[in-house]
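Work through the exercises below with the sequence and the 3D view side by side, and try each task before reading its solution.

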Amino acid sequence: MIPPKEFIRGIKPFSFLSDQELDILISGLEVDFYKKGRKIFKKGESRKYVYIVFSGLVSLFEEDESIDYISSGEPFGIITLGGAYPHMVTARAVEDSICYLIGLEKFDEVFKSNKRFSAFFITFLGRLFHHFRTIASE
């Protein structure tokens, strides 16, 4: 099994981080196993973590409809940065999955200190919201 730091370092934009910034992220890292069908978080719940799929497959749901799939090496649960906002969707394991859970405080600390890292997520979120607006207008 690849050590968490090395696995996370191989994922963009985490590859933009220094060893010290990666150490901050993994200092409170948790690992959780989600059996197929298990809910990871529910729409409206307070955010506590940023998730990275180590293995398996996770789906994001709006009501009972799957709107996206997240696989190995992909982060999720980042859609609303700032901590006070609840999850906008429900996440559920589509198959047995192992996820890394990065504490939101640690993630926000690195997000605020590394401009290249934060710019990636801001650009990604801007594109995602544009896509959602397009779908909603259709």
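**Exercise 1. A residue between two helices**

Leaving aside its neighbours within four places in sequence, with which residues is Asn114 in contact?

Solution. Keep in mind from the start that this is a predicted model.

Step 1: Locate the residue, and you will find Asn114 in the loop between helix H3 (104-113) and helix H4 (115-137).

Step 2: Set aside the neighbours within four places in sequence, and the contacts of Asn114 that remain are Phe16, Leu17 and Glu21.

Step 3: Look at the side chains of Asn114 and Glu21, which are joined by a polar contact of 3.0 Å.

Step 4: Decide how well Asn114 is covered: its relative accessibility is 9%, and because buried means under 20%, Asn114 counts as buried.

**Exercise 2. The overall plan**

Describe how many helices and strands the chain has, and in what pattern they follow one another.

Solution. Step 1: Count the elements, which gives four helices and six strands.

Step 2: Read along the sequence, and the pattern that appears is α-α-β-β-β-β-β-β-α-α.

Step 3: Turn to the contacts between residues at least 6 apart in sequence, of which 73% join residues at least 24 apart.

Step 4: For a single example, take Ser15, which is found in the loop between H1 and helix H2 (19-26), and compare its place with that of Phe117: the two are 102 residues apart in sequence, while their C-alpha atoms are 8.8 Å apart in space.

Step 5: Finish with the surface, where the accessible area of the chain comes to about 7,900 Å², with 55% of it belonging to carbon and sulfur atoms, and note that 38% of the 138 residues count as buried.

**Exercise 3. Two sides of a helix**

Find which residues of H3 are buried and which exposed residues lie on the face turned away from them.

Solution. Step 1: Go through H3 and mark its buried residues, which are Leu104, Phe107, Asp108, Val110 and Phe111.

Step 2: Ask how these residues are placed around the helix axis; they cover an arc of only 165 degrees, and therefore they lie on the same side of H3.

Step 3: Look at the face of H3 turned away from this buried side, where you will find the exposed residues Glu105 and Lys112.

**Exercise 4. The nonpolar cores**

Work out which residues of the largest nonpolar core touch the most other members, and which elements contribute to this core.

Solution. Step 1: Among the 20 residues of the largest nonpolar core, those that touch the most other members are Ile8, Phe14, Ile52, Ile102 and Phe107.

Step 2: List the elements that give two or more residues to this core, namely H1, H2, strand E3 (49-62), E6, H3 and H4, and note that the largest share, four residues, comes from H3.

Step 3: Follow one member, Ile102, whose contacts beyond four places in sequence are Phe14, Leu25, Leu29, Lys48, Tyr49, Val50, Ile52 and Phe107.

Step 4: Apart from this core lies another one, of 15 residues, which include Val53, Val58, Ile70 and Ala91.

**Exercise 5. Charged pairs**

Explain how Arg9 and Glu6 are placed relative to each other in the helix, and then examine two other salt bridges.

Solution. Step 1: Recall that side chains of opposite charge can pair when their charged atoms come close.

Step 2: Arg9 and Glu6 meet in a salt bridge of 3.3 Å, N to O; because they are three residues apart in helix H1 (residues 4-9), about one helical turn separates them.

Step 3: Both partners are partly exposed, Arg9 with a relative accessible area of 26% and Glu6 with one of 40%.

Step 4: Widen the view, and Arg9 and Glu6 turn out to belong to a network of salt bridges that also links Lys5, Asp19 and Asp23.

Step 5: Continue with Arg38 and Asp32, whose side chains meet in a salt bridge of 3.4 Å, N to O, and with Glu45 and Lys39, whose closest N and O atoms are 3.3 Å apart in theirs.

Step 6: Complete the tally, which comes to seven salt bridges.

Key
Residues are numbered from 1 along each chain as its sequence is written. This is a predicted model: local features need pLDDT of at least 70, side-chain atom pairs count only at pLDDT 80 or more; totals for chains, interfaces and linings use all residues. Side-chain values use heavy atoms; hydrogens and water are left out. A salt bridge is a side-chain nitrogen of Lys or Arg within 4 Å of a carboxyl oxygen of Asp or Glu. Buried means under 20% relative accessible area, exposed over 50%, partly exposed in between (1.4 Å probe, protein chains only). Contact means heavy atoms within 4.5 Å. Accessible areas come from the Shrake-Rupley method with a 1.4 Å probe; for residues, only the protein chains shown count as cover. A polar contact is a pair of N or O atoms within 3.5 Å; within protein, one must be able to donate a hydrogen and the other to accept it, and residues adjacent in sequence count only if both atoms are side-chain atoms. The arc is that of the directions from the helix axis to the C-beta atoms. A nonpolar core is a set of buried Ala, Val, Leu, Ile, Met, Phe, Trp, Tyr and Cys residues joined through side-chain atoms within 4.5 Å.
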